[in-house]
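Got your viewer open? Here is a short walk through the model, one selection at a time.

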Amino acid sequence: MLIQIDRILMIFAMLLSIPVIVTGIHYNLQMFQQNGYRNSEFLHWLEKNAARQRFLWPYLGFFVLLILFKAPPARLVCLIALMIWMWASIAAFLLYWRSETKKKLVMTARVKRLCVTFVIVTVLICILSRDKCLICLLAILSFLPELLMLANIINAPIEAGIRRYYINDARRIMRENPGIRTIGITGSYGKTSMKYYLHTLLKDSYDVLITPGNFNTTLGVVRTIREHMRPSNQIFLCEMGARHVHDIKEICDLFPPKEGVITSIGPQHLETFHTQENIIKTKFELADALPDGARIYLNADNEFEVNKAREYGDRLKVIFYSYKNNMGYHASEVKLSPMGTEFTMTAPSGETARFSMRLIGEHNVINVCGAIAVAHEQGIPLEALRVPVRRIEPVAHRLQLINRGDVTIIDDAYNSNPVGSKAAVETLHMFNGIRILVTPGMVELGGKEADYNYKFGTYAAVNCDHILLVGRRKHTDPIRKGALDAGFDEKDIRSFDDLNGAMEYAYSITGEGAKYILLENDLPDAY
């Protein structure tokens, strides 16, 4: 009878492991996708987030014990082990199942290939283990993320072949359309906004193709060309993103730009770039790729770009645009308000025009100045750009105003850099009413991450009435400390496990005037 109970418990424990494998591989695929299918970055993520899969650890313990000890343990020990196994299975399943993710797993062809290879690898493990099905199951449970990386290594030659085919096809399309002028757009921040603003200014005069959304990687550009490029296109606004040195060079080598725009350079993705110098070098890979005499548009308010520009003055036509410095195309007589912005733009030729737009925040002024500079250099008079500038729409999640009765949401969730975060809370300060900051902090800033979050806290203290911190204390504790050191009242700082809790509290805050809630930064699920 006892033997029968042992077998029933064993079968039940093994059955409980199946949903753990299914939900576990789904969760790890999500994180693997968010880490760009790079084994090195996924491994780094695993090291930093080991606790997120802590309920897999008991399986590893059982696996090691079964390998080390040949003699069967006492019956009581077996029963206790089975109970722990079942508890671990239920806990692991619930942990994976309840893990709410903002960015869902996209079942791309690559993900499907990974799943197929993962299944093949697990089947091979089962075949090799023969009658040792228990050891086989424990091996799979213990090394779920590692098996996923193994499947990725196995698929590498296939993925490389597919990548080559897509790239060659995109290059063929570009060769068949030699009249299209490619304008590369890069920078640490502001490049997506610049792309959309420039599209609005150019589309009345030219047939313009842009990389949609955040399609700013090599394969994102490839997909844009293969799916959307038409012979009628005259200008291709190609956003170029980077997380590693030579990422921009790779795109430029494949699809050489005729002109380039560098929006702003600053500390971002320091975990992968390691140094600010590497960031500068990578962004200027766009300038390096331009043909002699081509135009490169640089932000004169950014000291990194002004200093670097000296290296290109003899080879390229450097065109500056600015808000705070009177260099090149520059804005003056700027009037900022919660309803929008007005400014006068002066071209290097002396031509001027007065512009108004619905965008808020002074850092949007510099981006629109850059877009006006590029459009004007394409032959469009400043006066002809006044109406298109008024038509510019806020880019989603970049200081986007969302009115909800007596509450206004200022959605800056996509922003995740020190300069933009400072500008966002300063923009919040322009509104008269109850000013509430909701933030999880900034990430990917390397060893200076805590320092930048601390400084963010000091800026928030000066510009906000309430500070609501969301998520992991690693990112939010420095913000709290910075705010308190700047004299912010501790009772007006609160911490929450998730965004829903923070928003419920924000809506419950009472006081005089309208309520303004700034959503600053929205960390990916990987953080």
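Before the first click, one term: two strands count as paired if DSSP finds at least two bridges between them. With that in hand, select S1 and S4: they pair in the parallel sense over four bridges. Within this pair, put Ile185 and Val261 of S4 on display, since the two residues stand opposite each other. Keep in mind throughout that you are looking at a predicted model.

**Zoom out first**

Show the whole chain as a cartoon. You should find 20 helices and 15 strands in it. Of the 527 residues, 51% are buried. Now switch on a surface: the chain exposes about 24700 Å², and 59% of that comes from carbon and sulfur atoms. How much of the contact map comes from residues 24 or more positions apart? They account for 72% of the contacts in the chain with a separation of 6 or more.

**The nine-stranded sheet**

Hide the surface and go back to S1, residues 181–186. Its other neighbour to look at is S3 (235–239): five bridges join S1 to S3, and the two run parallel. Gly184 is the residue to click here, standing opposite Cys238 in S3. Is S1 mostly covered or mostly open? Mostly covered, with five of its six residues buried.

Widen the selection to the full sheet. It is an open sheet of nine strands with mixed pairing, and the order to trace across it is S2-S3-S1-S4-S5-S6-S7-S8-S9. Which strands stand at the edges? Those are S2 (208–210) and S9 (352–357); each has a single partner strand, so one side of each is left without a neighbour in the sheet. Tilt the view to look at the twist: neighbouring strands are turned by 20° against each other on average, direction ignored.

Stay at the S9 edge for a moment. S8, residues 340–346, is joined to S9 by six bridges, and this pair runs antiparallel. Pick Thr346 and you will see Thr352 of S9 opposite.

**A helix on the sheet**

Next, add H8, residues 191–202, which packs on the sheet. It touches S1, S2, S3, S4 (259–262) and S6 (317–322). Compare its direction with that of S3 and you get about 165°.

H8 has a helix partner too. Select H15 (residues 362–377): the two pack at an angle of about 45°, with their axes 9 Å apart. That angle makes H8 oblique to H15, and the crossing is right-handed. To see the contact, show side chains on both helices. From H8, it includes Met194, Tyr197, Leu198 and Leu201; from H15, Asn367, Val368, Ile372 and Val374 are among the residues involved.

**Two helices further along**

Now jump to H18 (residues 449–463) and H19 (residues 473–485). Their axes are 7 Å apart and they pack at an angle of about 45°, which means that H18 is oblique to H19. H18 passes H19 in a right-handed crossing. The residues that meet include Asn453, Tyr454, Phe456 and Gly457 in H18, and His475, Pro478, Ile479 and Gly482 in H19.

Keep Asn453 highlighted and add Ser421, which lies in H17 (residues 418–429). How far apart are Ser421 and Asn453 in space? Draw a C-alpha to C-alpha distance and you get 9.6 Å, across 32 residues of sequence. Ser421 is buried, with a relative accessible area of 0%.

**Last stop: two backbone oddities**

Finish with a look at phi. Most residues other than glycine have a negative phi. Go to Tyr37, which is not a glycine yet has a positive phi of about 60°. You will find Tyr37 in the loop between H1 (2–34) and H2 (39–48). Buried or exposed? Tyr37 has a relative accessible area of 16%; the cut-off for buried is under 20%, so Tyr37 counts as buried.

His274 is your other pick: it is not a glycine either, and its phi is positive at about 75°. This residue sits in the loop between H11 (270–273) and H12 (276–283). At 61% relative accessibility, His274 counts as exposed, because the cut-off for that class is over 50%.

Notes:
Residues are numbered from 1 along each chain as its sequence is written. This is a predicted model: local features need pLDDT of at least 70, side-chain atom pairs count only at pLDDT 80 or more; totals for chains, interfaces and linings use all residues. Side-chain values use heavy atoms; hydrogens and water are left out. Buried means under 20% relative accessible area, exposed over 50%, partly exposed in between (1.4 Å probe, protein chains only). Contact means heavy atoms within 4.5 Å. Accessible areas come from the Shrake-Rupley method with a 1.4 Å probe; for residues, only the protein chains shown count as cover. Axes are lines fitted to C-alpha atoms, for helices over the stretch in contact, and angles run from 0 to 180 degrees between N-to-C directions. Angles under 35 degrees count as roughly parallel, over 145 as roughly antiparallel, 65 to 115 as roughly perpendicular and the rest as oblique. A crossing is left-handed if the near helix is turned anticlockwise from the far one by less than a right angle, and right-handed if clockwise.
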